[in-house]
Amino acid sequence: MRAAVTEHAGGRLAVIDMPDPKPGPGELLVRVTACGICGSDLHLSEVLDIPGLVLGHEICATVAELGQGVNDWKVGARIAGFPLVGCDECDACQIGATSKCSQAAQLGLARAGGFAEYTTLSASSAFRIPAAIDDHIGALVEPLAVAHHALDCTRRGTDEPILVIGAGPVGAAVALWARALGAREVVVSDPVARRRELAECVGATLTVDPNTEDVASAFAKQCGALPNVVIECVGTRGMIQHSMDVAAVDAQVTVVGVCIGSDEIMPLVGLQKELLAKFVLYYRKSDFTATIAALANGVLNPQAMVTGTTTFDDLPDRFEALKHPVDDCKVILEP
Ligand SMILES: [Zn+2]
Ligand SMILES: [Zn+2]
């Protein structure tokens, strides 16, 4: 099969021929029909020195072969891949919080991922998707589940206005889910005009350019008060402090943006406002179930998030281009 692999940290992806993987016991071999390119794929390719790693964890696929002991799947079934494989036995796995399993392995990191014609995953990590969800949207189930989990972990009233910091794929997904879950106002802040437009397409009721406008007062003007809920979806230095600065007293700041380096905050701001901070990562299996149901019945329409597609032939170039600030939201590989 063809697959795109990393060669060395900071290098380009290489498209190579490699043997088709074989499903182990309890696993499915799946033919990848669409795989989203994630900011974490871009970041991992910069820092990881794992020659031959197949990245990609936003997977829509068709079941191609059943591993030993799998009898509740049929070849040809369409799936979204929950990209974490756990022990299936510990307390965390039992409640679908696989990311908290001590043995959790991620597709596209500890195991081969979806930048390939075929990949394998455990049968318990495959989520059936109906015909109403096309392949591109199937590849969005994973990033949309991130957003659902973030909102699920956020203390808020049902129709409470929400401030989303950042309109990249995560911010857009949070805005989309927040409206679907009943937020009457979703204000999204991002310095890039194209991203603000995209946020409006997925339901933001107001967008703000933080370079030219005061985010807190723009929010207060729109919603009648400062934000009780701030969801940080950028993950660069200073963004947590910014979220604290714009939050109302007693607000919750939910941190979804993945900042890998060290960052500084002024604790006094949080103390004075008695802010509640919640850090979230990944999702639970229930977030996949909720996302697939909402996509299938039309509650979520994320079509605007897909801003491009690519094949193996142009994946290495497209992947490099995405490392620098671009107007793209989600670019999807069609292996
Ligand atoms: Zn991702
Ligand atoms: Zn486990």
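Select helix α4 (residues 141–152) together with helix α10 (residues 285–296), helices here being DSSP runs of H or I at least four residues long, numbered from the N terminus, and you will see the two pack at an angle of about 115 degrees with their axes 8 Å apart. The axes are lines fitted to C-alpha atoms over the stretch in contact, and angles run from 0 to 180 degrees between N-to-C directions. Since angles of 65 to 115 degrees count as roughly perpendicular, α4 and α10 are therefore roughly perpendicular to each other.

This is a predicted model, in which local features need pLDDT of at least 70, side-chain atom pairs count only at pLDDT 80 or more, and totals for chains, interfaces and linings use all residues. Residues are numbered from 1 along each chain as its sequence is written, while chains are lettered from A and ligands numbered from 1 in the order in which they are written.

Next, select Val141, Leu144, Ala145, His148, His149 and Asp152 in α4, which meet Asp287, Phe288, Ala290, Thr291 and Ile292 in α10; two residues are in contact if their C-beta atoms, placed from the backbone, lie within 7 Å. The residues of this contact divide into 6 nonpolar, 3 polar and 2 charged, where Ala, Val, Leu, Ile, Met, Phe, Trp, Tyr, Cys and Pro count as nonpolar, Asp, Glu, Lys and Arg as charged, and the others, Gly among them, as polar.

Finally, show the whole chain, whose C-alpha trace spans about 55 × 40 × 35 Å along its principal axes. Among contacts with a separation of 6 or more, 69% are accounted for by residues 24 or more positions apart.

Conventions: Angles under 35 degrees count as roughly parallel, over 145 as roughly antiparallel, 65 to 115 as roughly perpendicular and the rest as oblique.
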